[in-house]
Amino acid sequence: MRRSLLLAASALVAVSTAAFASAPPLLQEPSSYAAALADPIRPAEDRARDAARHTAETLAFAKVAPGQKITDMIIGGGYFTRVFSAAVGPEGRVTAWQPAEFIGFQASYGEALIAADALPNVDAVSVSLADPELPVGQDLVFTAQNYHDLHLGMAAADTASKVNAAVFEALRPGGLYVIVDHHAVPGSDLAAADTLHRIDIEAVKREVTAAGFVLEAESDLLADPADPLTASVFDPSIRGKTSQFMLRFRKPA
């Protein structure tokens with residue numbers, strides 16, 4: 001169903017039922033996502049990347065379940081938007097957020113958002129990083145390989161705090177905020193986000209917990225000790241093979 005790319009809060013606001021909101025999402029096993037990964041809405045290129053990206057295990061870490069309301073924050077090419085669409089099913093809803101700044105920078109980001117918006121249970125949003133606004137009552141806000149973008153040179157210094165506050169507001173009590181990103185050298189400053197497109201895991205923890213979240217779990221599933229952490233993620237020597245972390249935060253009930 002085609003939806004407007006501009007967020008209309010009155011149309012997109014959806015509140016979970018009291019029974020569902022009071023209980024955390026069920027922990028899934030990676031094998032339970034086989035049907036979602038095989039869904040025909042996912043092109044062959046997506047399925048070819050699943051093993052390296054540990055997609056089923058990532059969905060399990062994020063506790064993705066049918067019927068959920070999920071926001072895919074900074075969708076890039078829409079890889080996770082498509083698998084979320086398949087995983088939540090017709091009773092669920094996915095909000096695909098591609099910041100307006102990204103669309104202005106590269107046309108393909110706008111094309112990816114249009115393609116995501118064509119999926120029957122996906123709503124496309126293109127609000128600015130400087131003025132984030134997301135539908136409330138979300139069960140999960142997820143971002144992969146893009147949290148560091150909140151610290152790019154083109155972003156205002158308070159962008160991360162604004163976005164984290166918006167995510168906190170969007171989630172239902174007990175909802176999850178899952179962040180996957182490229183490791184930077186431990187203790188490195190935030191300049192690595194702009195120069196290498198990496199971020200120190202401890203910096204992410206500090207920023208997100210400062211917004212009111214509780215760190216619930218972390219995973220080294222995507223970690224790779226062979227990555228020296230000093231090259232840009234776009235460097236041919238490391239592209240597609242970076243060491244990454246996964247963090248799961250919870251909004252207190």
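A residue counts as partly exposed when its relative accessible area falls between the buried limit, under 20%, and the exposed limit, over 50%. At 23%, Arg 93 is therefore partly exposed. Keep that scale in mind for this predicted model, which offers a pocket of about 1300 Å³, a nonpolar core of 34 residues and 11 salt bridges.

**Salt bridges**

- Arg 93 pairs with Asp 123 through their side chains, at 3.0 Å from N to O.
- Because Arg 93 sits in strand β2 and Asp 123 in strand β3, this pair ties together parts that are 30 residues apart in sequence.
- The partner, Asp 123, is buried, with a relative accessibility of 4%.
- A salt bridge also links the side chains of Glu 216 and Lys 63, at 3.7 Å from N to O.
- Glu 216 belongs to strand β6 (residues 214-219) and Lys 63 to the loop between α5 and β1 (69-73), so their bridge ties together parts that are 153 residues apart in sequence.
- Of these two, Glu 216 is partly exposed at 32% relative accessible area, while Lys 63 is buried at 12%.
- Lys 63 and Glu 216 are also in one network with Arg 248 and Arg 250, joined by salt bridges that share partners.
- Asp 50 and Arg 42 form a salt bridge at 2.8 Å, N to O, and both residues are buried.

**Largest pocket**

- The largest pocket has a volume of about 1300 Å³.
- Its lining has 44 residues, and those closest to the centre are Arg 49, Gln 145, His 182, Phe 234 and Arg 239.
- Two or more lining residues come from each of α4 (44-53), α6 (79-88), α7 (100-105), α8 (107-117) and β5 (171-182).
- By residue type, the lining holds 18 nonpolar, 15 polar and 11 charged residues.

**Nonpolar cores**

- In soluble globular proteins, nonpolar side chains tend to be buried together.
- Here, the largest nonpolar core has 34 residues, with the most contacts inside it made by Leu 59, Val 64, Phe 80, Phe 84, Leu 140 and Phe 142.
- Elements that each supply at least two residues of this core include α5 (55-61), β2 (93-97), β3 (122-125) and β4 (138-144).
- Helix α6 gives the largest share of this core, seven residues.
- Beyond its neighbours within four places in sequence, Leu 140 is in contact with several residues, among them Val 64, Ile 70, Leu 171, Leu 176 and Val 178.
- A second, separate core has 26 residues, including Phe 102, Val 125, Val 204 and Phe 249.

Terms used
Residues are numbered from 1 along each chain as its sequence is written. This is a predicted model: local features need pLDDT of at least 70, side-chain atom pairs count only at pLDDT 80 or more; totals for chains, interfaces and linings use all residues. Side-chain values use heavy atoms; hydrogens and water are left out. On a 1 Å grid over the protein atoms alone, a cavity is a set of points where a 1.4 Å probe fits but cannot get out, and a pocket is an open set with protein on both sides within 12 Å along at least five of seven lines; lining residues have an atom within 4 Å of a point. Grid points are joined across faces, edges and corners, and a volume is the space filled by probe spheres set on the points. Helices (H or I, at least four residues) and strands (E, at least two) are DSSP runs, numbered from the N terminus. Ala, Val, Leu, Ile, Met, Phe, Trp, Tyr, Cys and Pro count as nonpolar, Asp, Glu, Lys and Arg as charged, and the others, Gly among them, as polar. A nonpolar core is a set of buried Ala, Val, Leu, Ile, Met, Phe, Trp, Tyr and Cys residues joined through side-chain atoms within 4.5 Å. Buried means under 20% relative accessible area, exposed over 50%, partly exposed in between (1.4 Å probe, protein chains only). Contact means heavy atoms within 4.5 Å. A salt bridge is a side-chain nitrogen of Lys or Arg within 4 Å of a carboxyl oxygen of Asp or Glu.
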